[in-house]
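Me: I am new to this structure and should be grateful for a close look at one part of it. Please explain the terms as they arise.

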Amino acid sequence: MGVEGIGARALRKEDKRFITGKGKYTDDMVLPRMTYAAFVRTPHAHAKVTNIDASAALDMPGVEAVLTGHELVADGIGNLICGWMIHSKDGSPMNMGAWRALESETVRFAGQAVAVVIADTQAQARDAADQVVVDYEELPVVVSTTDALAGGAPQLHPEAPGNLIYDWDIGDEAATNAALSSAAHITRLEIDNNRLVPNPMEPRAALADYDAAEEHYTLYTTSQNPHVARLVLSAFYNVAPEHKLRVIAPDVGGGFGSKIFIYPEEIVALWASKRVGRPVKWVSDRTEAFLTDAHGRDHKTVAELATDANGKITGFRVQTVANLGAYMSLFSSSVPTYLYATLLSGQYDIPAIHANVKAVYTNTTPVDAYRGAGRPEATFVVERIMETAARELGLSPAEFRRRNFIRSFPHQTPVIMCYDAGDYDSSLDAALKAIDYDGFPVRKAEAASRGKLRGMGLSCYIEACGIAPSAAVGSLGAGVGLWESAEVRVNPVGTIEVLTGSHSHGQGHETTFAQLVSERFGVDTNAVAIVHGDTDKVQFGMGTYGSRSGAVGMSAIVKALDKVEAKAKKIAAHLMEASEADIQIEGGELKVAGTDKKLTFTEVALAAYTAHNLPEGMEPGLKEGAFYDPTNFTFPAGTYACEVEVDPDTGKTRIVKFVAADDFGKIINPMIVEGQVHGGLTQGIGQALLENAVYDEAGQLLAASYMDYAMPRADDVPSYELYTTETACPGNPLGMKGCGEAGAIGSPPAVINAITDAIQNNNLAMPATAERVWRASRGVMAQAAE
Amino acid sequence: MTQVAMTLNGKKVSANVEDRTLLVHYIREAQGLTGTHVGCDTSQCGACVVHVNGRAVKSCTMLAVQAAGAEVMTVEGLANGPELHPVQAAFREHHGLQCGFCTPGMIMTAVDMIRRHNGVLDEDTIRHELEGNICRCTGYHNIVKAIKAAADQMVAMRTAAE
């Protein structure tokens, strides 16, 4: 492999185990005397549990135990919590209803766990779970965001009257109202952001092992943040104190946010392993994943954009109702507030913004962060209304955006965020050139001659990554600090281990992080090992979500590398009798500038450990740790351009071309970054065209398997054209912004803008299925026929 | 319980399993080869694809007893010792994987796809043929590139050998 530094398209170090079938995922772990857990889940979306009869199940072969919420409460296991406090505009704290890992009184969404069966094999556990007889008294159900707030709606939690979790405001209401009153034009849009199911390909799993002699638990689990899992399991769920609980997140098969949260099943597996005195494994099946993995999005919004006579935006008013499902998941409260409304300024200089967000309970699966988490919802609102306003004002959508771009940095928006750097013209230019924006009318006419409808859609997104300065998020209600930690251990032979609190579940950290070290010390990437995902190995870490592993995780590594380098230089200077300031590191060697004196990195490492000849007072060894707390969010931004062709006879949309021009700041491994964008775009296009978590009125999730929920498949999406522009992020040492979510954030409005342009009807909901597009295109076809 | 014997990655194996045991569970649990994954309950995702008598099969859709006496190959059997199969190498070379969970099924599907098309594949055909395999990470872009590159390479190798 050799030295592969910043900017190298290094092939991934982790790939060999995955392509040869040697990955180690949670479900691949086997422990002696292991049992299996199967959950008894309510088929009703809202009901009182009047009786649980486990007698038949307990008589089944292989069954060790049937446990319910009664035992859970008796053993002092705590309720699930939401870790981000939001206060309503009247100053009152959010209304959080109690959520037990096993519910024995009132169930509030179809699929909620009522009891668990522990048996020798998975088949025995599942068979026995079918034989647990639960009596329910059904209660009225509320499913939709709008219905939840209606008078007389069924009430979910006594703690939340009217199903209202909070009624939250941001921005200057009076100034925004004034801007709207004096506007030359107001563009108004009603927008639904469809509910999605994250669907990492590896279903969630947990393997819990209690050691009675040591009173110690080990949990193998599908987590994006094992240290946060340990913290929450210890501090809130009372499973065990942190030093008696080891959490290991081995190879994890995708997360997209859904594996941030601590779910009932992990808690129950740990608790049950002590109860039965044997290891307990639980593996979700896909329908369980649909029913219990935290869902994403589900907003209903009314947005009004005020413009003056010159097409300059003067104010923006947004009212959103966010459906958080039946319970408040771990970070659910922050998603429709600080991760959403703070991005409503988009790439635009908007003098006044006001947003009101009401979060509500419904009898549906809890909703929390899913790839983008709040920023896709914000971007969809902003970029749909920008396109709509341009059409209403008779301006080119590109020109209208340009007229309103922010061009001076730092830029303080009216909604908390202070954008540090950006060049929105550059990414717009790159995208327009790549998609041949000017040549579009010719292609549209050519398509029309074949009876097809062509459309062009833009999306100039901005998002916030690198979450986040701990004091800042603390003041906004976060229950944790959002720094990251790293430790760099140089071994006596000069190989290097980097321990990181970030977690890789597809992002390729083992490669990208190694490139950083390779560049710094000029060592082969093969001489660098990245260690992550084990609370016994890495002291602490906040994990991977919000595209933070580069901007925050790698910044912590840089800080630790700085310390290692400083010490190595001191040792080298001492050994070569030179001044420390004259030592330069180059090609794996420490050299004295202007001389031919040099030591290899390995020789210096060995000297640190033999400690035979170290500077006076220096400790032996070469190992340094660092915590990095960001100074600001980072602000990746870019332009996506989408050209579609709609078949008016079938409503089928074909994406003819999709161009992405992103500014991610400094990029370490372009190959990996491109892969992140491809995946994000496909999830965003999935939201725009295919995916929808549909509930019926009784609260049954109708799309609860891959037979019913339309996952994007290879022939649903195009190959993509990617470009990058670069403005360095001034907030962190590498100038990185983050790339993991941009694709999912920026693409849905580009697609919908393109289709609505093609069919000349702006009233089109996501997902824009063939049926919906066909219906919405009837108007334009009727006109064409006249 | 039934004694089920088959040839797995060229080795004769046997295990006593429940009649209802699916081939994927036989492979993963009775034989301890965990490269073959279970990603759904409905034969949609393709994470479990293996070869049975040389053809790609979703091993979650077949009982172990139905594979009794068959030649079964999993992703673990694809490489020739330390030498990767061209499809495995192409997935790495073209970054056709991220989290790796769908990858074994993708690779086994791709090997069979290339065989059935005699290596002559264009992008549309590859995308169409991947209908039965879901990936949530890569957006398919690099998987398609990897399969095309492997197919082209295998044709070139065949031509060179002729």
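The part in question is the surroundings of A:Gly21, from its loop to what lies on either side.

Reply: The model is predicted, so local features are reported only at pLDDT of at least 70 and side-chain atom pairs only at pLDDT 80 or more, whereas totals for chains, interfaces and linings use all residues. Residues are numbered from 1 along each chain as its sequence is written, while chains are lettered from A and ligands numbered from 1 in the order in which they are written.

A:Gly21 lies in a loop of chain A, between helix H1 (15–19) and strand E1 (35–41). Helices (H or I, at least four residues) and strands (E, at least two) are DSSP runs, numbered from the N terminus. A:Gly21 counts as buried because 25 C-beta neighbours lie inside 10 Å. The term buried requires 20 or more other C-beta atoms within 10 Å of a residue's own, exposed means 12 or fewer, and partly exposed covers what is in between, with C-beta atoms placed from the backbone.

Once neighbours within four places in sequence are set aside, the contacts of A:Gly21 are with B:Leu33, B:Gly35, B:Thr74, B:Val75, B:Glu76 and B:Pro104. Two residues are in contact if their C-beta atoms, placed from the backbone, lie within 7 Å.

Next comes the meeting of the two chains as a whole. Chain A brings 42 residues to the contact and chain B brings 45. On the side of chain B that touches chain A, at least two residues come from each of helix H2 (86–93), helix H3 (103–116), helix H4 (123–129) and helix H5 (141–161) of chain B. H2(B) gives the most to this side, with 4 residues. By type, this side of chain B has 20 nonpolar, 16 polar and 9 charged residues. Here Ala, Val, Leu, Ile, Met, Phe, Trp, Tyr, Cys and Pro count as nonpolar, Asp, Glu, Lys and Arg as charged, and the others, Gly among them, as polar.

The partner, chain B, is assigned domain 1 (2–77) and domain 2 (86–161), with bounds that come from an automatic or database domain assignment. Taken over C-alpha atoms, the centres of these two domains of chain B are separated by 22 Å. In chain B, 15 residues of domain 1 are in contact with 11 residues of domain 2. Strand E3 (49–52) and strand E4 (55–58) of chain B are the elements that give two or more residues to the side of domain 1 that touches domain 2, and E3(B) gives the most, with 3 residues. That side of domain 1 of chain B comprises 7 nonpolar, 7 polar and 1 charged residues.

On the other side of the loop, in chain A, stands E1(A), the strand that bounds the loop of A:Gly21. E1(A) is mostly covered, with 7 of its 7 residues buried. A:Thr35, A:Ala37, A:Phe39 and A:Arg41 point one way from E1(A), A:Tyr36, A:Ala38 and A:Val40 point the other way, and all are buried.

E1(A) also pairs with other strands, pairing being at least two bridges found by DSSP between two strands. E1(A) runs parallel to strand E12 (residues 280–283) of chain A and is joined to it by 2 bridges, with A:Tyr36 opposite A:Lys281 in E12(A). Strand E5 (residues 113–119) of chain A runs antiparallel to E1(A), and 6 bridges join them; here A:Phe39 stands opposite A:Val116 in E5(A).
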